[in-house]
Amino acid sequence: MTTSSSMAFIHNVCSASFTHAFRTRTLVATTIISSQKHNNLSTAATTPTPTLTLKPSSSSSSSSRIQNNDSKVLLGLSEADLQQVALDFGQQGYRGKQLHHLIYQRKIRQVEDFSQLPQAFRKGLQEAGWRVGRSPIHSSVTAADGTIKLLIKLEDNRLIETVGIPVVDEKGPMRLTACVSSQVGCPLRCSFCATGKGGFSRNLQPHEIVEQVLAVEEIFKHRVTNVVFMGMGEPMMNLKSVLEAHRCLNKDIQIGQRMITISTVGVPNTIKRLASHKLQSTLAVSLHAPNQKLRETIVPSAKSYPLNAIMNDCKNYFLETNRRVSFEYALLAGVNDAVEHAIELAELLQEWGRIYHVNLIPFNPIEGSEFKRPSKRQVSAFAAALESRKITVSTRQTRGLEANAACGQLRNKFQKDPLVLDSDLVQTESDVAVAC
């Protein structure tokens, strides 16, 4: 995900009313195990664990998912899945409900701490290799406005960022947004993105996405009301895990679909795939330029996914889901922030229909970047040019700027060298602060 756009749309999502009724839809669950073999890296020596043989079930898709869950992670499983786990250990089905409560409500991190369950059941889960799937918090930083950015250390010692953004409204309860990562690093390397400068390692597994939300809830001692997939990585390049995490966030953690936003800089064919699931969540497309030539200089991947193709897919997305697409536009001083660019952007959107919303994002300065933040006057002029042409627009309120809020900034403080591919040697514990 691009640097400044990682915090995009967050203010608007946070300030949206939380009185929407939860709308549920059935999402065909996919296997929880990642298709990438290298996701199973570990720095600690391991010994083989007994394989749990499940009883065959002619009608349960849960059983199929569990059998394919080679990583034996409980986090991310539905209540039906967890009931199946309990049954396969000779327990009553209600033990699955207890598991669900312990994982998602009590937020218990280790199987041995499931004190409400019989000791024999806990021991059986451990011997079979089952684990909750929670990772420790490596470090955190808090901004004056209450925004907290967390670094979570994964099982393979990689670090990922997640951000908790609180919004206190005098007219209602506090709303809490979790900005979550979908990859370790990002392969798209947008020119102004701190995450891209840090390199790319791998996709996150579904439970590694879900645990970010639980970590934010623990830190704030408040339930997360909104989730935005705008952290590290390109969600559409890990769509399988993103969709499974989305299902869990909606069904198990009870976050309404309309309170979830999935952001993308644009990956061919993926917007069509997302539309086919007919989610009621928001699609946010990181545009950053009103024409193809300029966009290619800012977003290298734009060469493989022309602007007209993106706009056509966004139009079809609206027709398929009846959900308005939001466009993120990072304003870079002297690059794409002229009034002429705003006029051209308005013409582009009007050509494809008036079903869009534009979020303007004044650039978040990052160390070593050649880009600068535009003046408030320039931002206002850009927004006014769009509004005068009947384009719905909002300007992001900067949150947590002093907390390295731009995606990738905090991690890069600990990771002085770019990430290497997983084909390289696995790092030791002492290496994590240098090359996570």
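**Exercise 1.** Over how many bridges do strand 10 and strand 11 pair, and in which sense?

*Ground rules.* We're working on a predicted model, where local features need pLDDT of at least 70, side-chain atom pairs count only at pLDDT 80 or more, and totals for chains, interfaces and linings use all residues. Residues are numbered from 1 along each chain as its sequence is written, and side-chain values use heavy atoms, leaving out hydrogens and water.

*Solution.* Start with the vocabulary: strands (E, at least two residues) and helices (H or I, at least four) are DSSP runs numbered from the N terminus, and pairing takes at least two DSSP bridges between two strands. Strand 10 (residues 325–331) pairs with strand 11 (residues 356–362) over seven bridges, in the parallel sense. For instance, Phe-327 sits opposite Val-358 of strand 11.

Next, try the other neighbour: three bridges tie strand 10 to strand 9 (residues 282–286), again running parallel. There, Ala-284 has Ser-326 as its bridge partner.

**Exercise 2.** Work out which way the side chains of strand 10 point, and whether they're buried or exposed.

*Solution.* First, the principle: side chains in a regular strand alternate between the two sheet faces. Now sort them: Val-325, Phe-327, Tyr-329 and Leu-331 point one way, while Ser-326, Glu-328 and Ala-330 point the other. Finally, check the cover: all of these are buried (under 20% relative accessible area with a 1.4 Å probe, protein chains only; exposed is over 50%, partly exposed in between).
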